[in-house]
Amino acid sequence: MKKWGFLLFLSVGLGIAFVFIIPSFQKHAEIQEYHPNDTWEDEESSEDTQQKEITEDQIKQGDLLLVNSEHPADERGIKSDIINLSMDKELTQGYVLLDYDIYLSEDVARRFSEMVAAAQKEGVSHFLVSSGFRDFEEQRELYEERGAAYALPAGHSEHNLGLALDVGSTQTSMYEAAEAEWIKENAWKHGFILRYPQDKVDITGIEYEPWHLRYVGLPHSAIMKEKNFVLEEYLEYLREKKRVSVEVEGEKYTVAYYPISENLTIHIPKNREYEISGNNVDGVIMTIHE
Ligand SMILES: [Zn+2]
């Protein structure tokens, strides 16, 4: 009898460990780093690669642009697919819009709507979107009206690019909402990051903002989650490593950084999807879907 009791205790205990403890050790991304001196372009024969011209303009365009007090948003970086969310019933299902005047990149809105649908399946369903894309003029007015504690000066906000949105809960403040908790744990799966976390105020220079979501895309959001990096740290990491390979939920990617001082030709493997984004500072990041 005693033995049965013990076995029961053991199996229940193991069950609890499996359900509650193991997932917390689960990796968000399997990251392989290389020696910075490795030249990977030489590894591929020229027959398998195509040449791609990179222009200086590209430093200022893409989903990985760093915008902060030191690095202003550049008009070249404004997403080309900005839409009025209230006009798009399909993309705004499952959450509330604060007013009819909220704009966002259509691509980012689509990812956000996928994220909201995923949260809903887990019982988190009271999302509200209060702000999206703001043009430079709107940002200037906001800054003048509400001050530095609330808004960044014109051209220094991610909202000026169409890559960021402010998310709330219809139930309570984001400092205590289930929506905020869910975002913290899961937004990375949909390419989003919490841009101003509580423990990185010294790096971002911005107080904790549990509502401000920034789109960077996969696999970047997964690497940042895995390493607990904010965008400033992630871009510095890529600058240092030059290249990393990463596996996220079964998908493999290579991420490579190229400093740009003048126009540059890079070699890209043929027949693979890739994306190029500037960092808004000194180079571009190429992401290849392997
Ligand atoms: Zn914001």
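The chain folds into seven helices and 14 strands, where helices (H or I, at least four residues) and strands (E, at least two) are DSSP runs numbered from the N terminus. The model is a predicted one, so to speak of local features a pLDDT of at least 70 is needed, side-chain atom pairs count only at pLDDT 80 or more, and totals for chains, interfaces and linings use all residues. Residue numbers start from 1 along each chain as its sequence is written.

On burial, 33% of the 290 residues count as buried; that label takes 20 or more other C-beta atoms within 10 Å of a residue's own, with exposed meaning 12 or fewer, partly exposed lying in between, and C-beta atoms placed from the backbone. As for contacts (C-beta atoms, placed from the backbone, within 7 Å), 68% of those between residues at least 6 apart in sequence join residues at least 24 apart.

One open sheet has five strands in the order β4-β6-β7-β9-β8, and its pairing is mixed. Strands count as paired if DSSP finds at least two bridges between them. The edges are β4 (96–97) and β8 (192–194), each paired on one side only. Strand β4 runs parallel to β6 (residues 127–131), joined by two bridges, and leucine 97 has valine 129 in β6 as its bridge partner.

Now for the greasy part. A nonpolar core here is a set of buried Ala, Val, Leu, Ile, Met, Phe, Trp, Tyr and Cys residues joined through C-beta atoms within 7 Å. The largest one has 56 residues, and Leu104, Ala187, Ile193 and Leu213 touch the most other members. Helix α2 (residues 106–121) is the top contributor to this core, with six residues. The core also takes at least three residues from each of domain 1 (29–64 + 228–290) and domain 2 (73–215), the bounds coming from an automatic or database domain assignment. Leaving out residues up to four places away in sequence, isoleucine 193 touches Ala187, Trp188, Arg214, Val216, Ser221, Met224 and Leu231.

Further along the chain, β10 (residues 243–248) and β11 (residues 251–259) pair antiparallel over six bridges. The two make a hairpin with two residues between them, and glutamate 249 in the turn has a positive phi of about 45 degrees. Serine 245 has threonine 254 in β11 as its bridge partner. Strand β11 is also joined to β14 (residues 283–289), antiparallel, by seven bridges; here tyrosine 253 sits opposite histidine 289 of β14. In a regular strand, side chains alternate between the two faces of the sheet.

Terms used: Two residues are in contact if their C-beta atoms, placed from the backbone, lie within 7 Å.
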